[in-house]
Amino acid sequence: MHELGIVFYIIRDVEEAVRGAEVSAVQSVTLELGEVSGVVPSYLQHAWRWAADKHDLLRGSELVIEDIPAVTRCNGCGARYGTVEHGRICPACGSENTVLEQGQEVMIKEVAVV
């Protein structure tokens, strides 16, 4: 379960971001999670609860996950389409010359503190 490792990195990054600031607690962390990131949201939530409660600053905090849809762009015709529905082959022109524009993200978007 690589979700636990991801949670450890998120916690580290959050603690580094608030270090030196007058923060008594983290209320929530908002994470952008791409549709084809390979991360299972329910596993991530479970790992968050277990790991965050072991840190005074994060105890009781919420992990908010914002889903980012996977979108592919065709280099042949310029069409943009849903990656999950169509894969690598452009539904507009049939080209395989495509690139994933978004949907692999695992990024901290926001940290709410008190």
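Here are three short exercises on the sheet, helices and hairpin of this predicted model.

**Exercise 1. Work out the strand order of the open sheet, and say which strands stand at its edges.**

Solution.
- Start with the order: three strands, 2-1-6, make up an open sheet with mixed pairing.
- Now look at the ends. Strand 2 and strand 6 (106-113) each have a single partner strand, so they stand at the edges and one side of each lacks a neighbour in the sheet.
- Next, the twist: ignoring direction, neighbouring strands here are turned by 20° against each other on average.
- Zoom in on one pair. Strand 1 and strand 6 run antiparallel and are joined by 7 bridges. If you want a spot to click on, try L33, whose bridge partner in strand 6 is V106.
- Finally, add a helix: helix 1 lies across strand 1 and strand 6, at about 45° to strand 6.

**Exercise 2. Find the buried residues of helix 2 and explain why they sit on the same side of helix 2.**

Solution.
- Begin with the geometry. Helix 2 covers residues 41-52, 12 residues in total, and its first and last C-alpha are 16 Å apart, close to the 16 Å expected at 1.5 Å a residue.
- Then pick out the buried positions, taking under 20% relative accessible area as the cut-off: L44, A47, W48, A51 and A52.
- These residues cover an arc of only 110° around the axis, and that puts them on the same side of helix 2.
- The spacing rule helps here: an α-helix has 3.6 residues a turn, so residues three or four places apart point the same way.
- What does that side meet? The buried residues of helix 2 pack against helix 1 (2-18), strand 1 (26-34) and strand 2 (62-68).
- To finish, get the orientation: helix 2 lies across strand 1 and strand 2, running at about 160° to strand 2.

**Exercise 3. Trace the pairing of strand 3 with strand 4 and with strand 5.**

Solution.
- Take strand 4 to begin with. Strand 3 (residues 71-74) pairs with strand 4 (residues 80-82) in the antiparallel sense, over 3 bridges. One pair to look up is R73, with R80 as its bridge partner in strand 4.
- Follow the chain between them: strand 3 and strand 4 form a hairpin with 5 residues in between, and G78 in the turn has a positive phi of about 85°.
- Now switch to strand 5 (residues 98-102). Strand 3 runs antiparallel to strand 5, and 4 bridges join them. Here C74 has T98 as its bridge partner in strand 5.

Technical notes. Residues numbered from 1 in each chain as written. Predicted model: local features only at pLDDT ≥ 70, side-chain atom pairs only at ≥ 80, totals over all residues. Heavy atoms only, no water. Pairing = 2+ DSSP bridges. Helix = DSSP H or I, 4+ residues; strand = E, 2+ residues; numbered from the N terminus. Expected span 1.5 Å × (residues − 1). Buried < 20%, exposed > 50% of the residue type's maximum accessible area, 1.4 Å probe, protein only. Arc of directions from axis to C-beta. Contact = heavy atoms within 4.5 Å. Axes fitted to C-alpha atoms, helices over the stretch in contact; angles between N-to-C directions.
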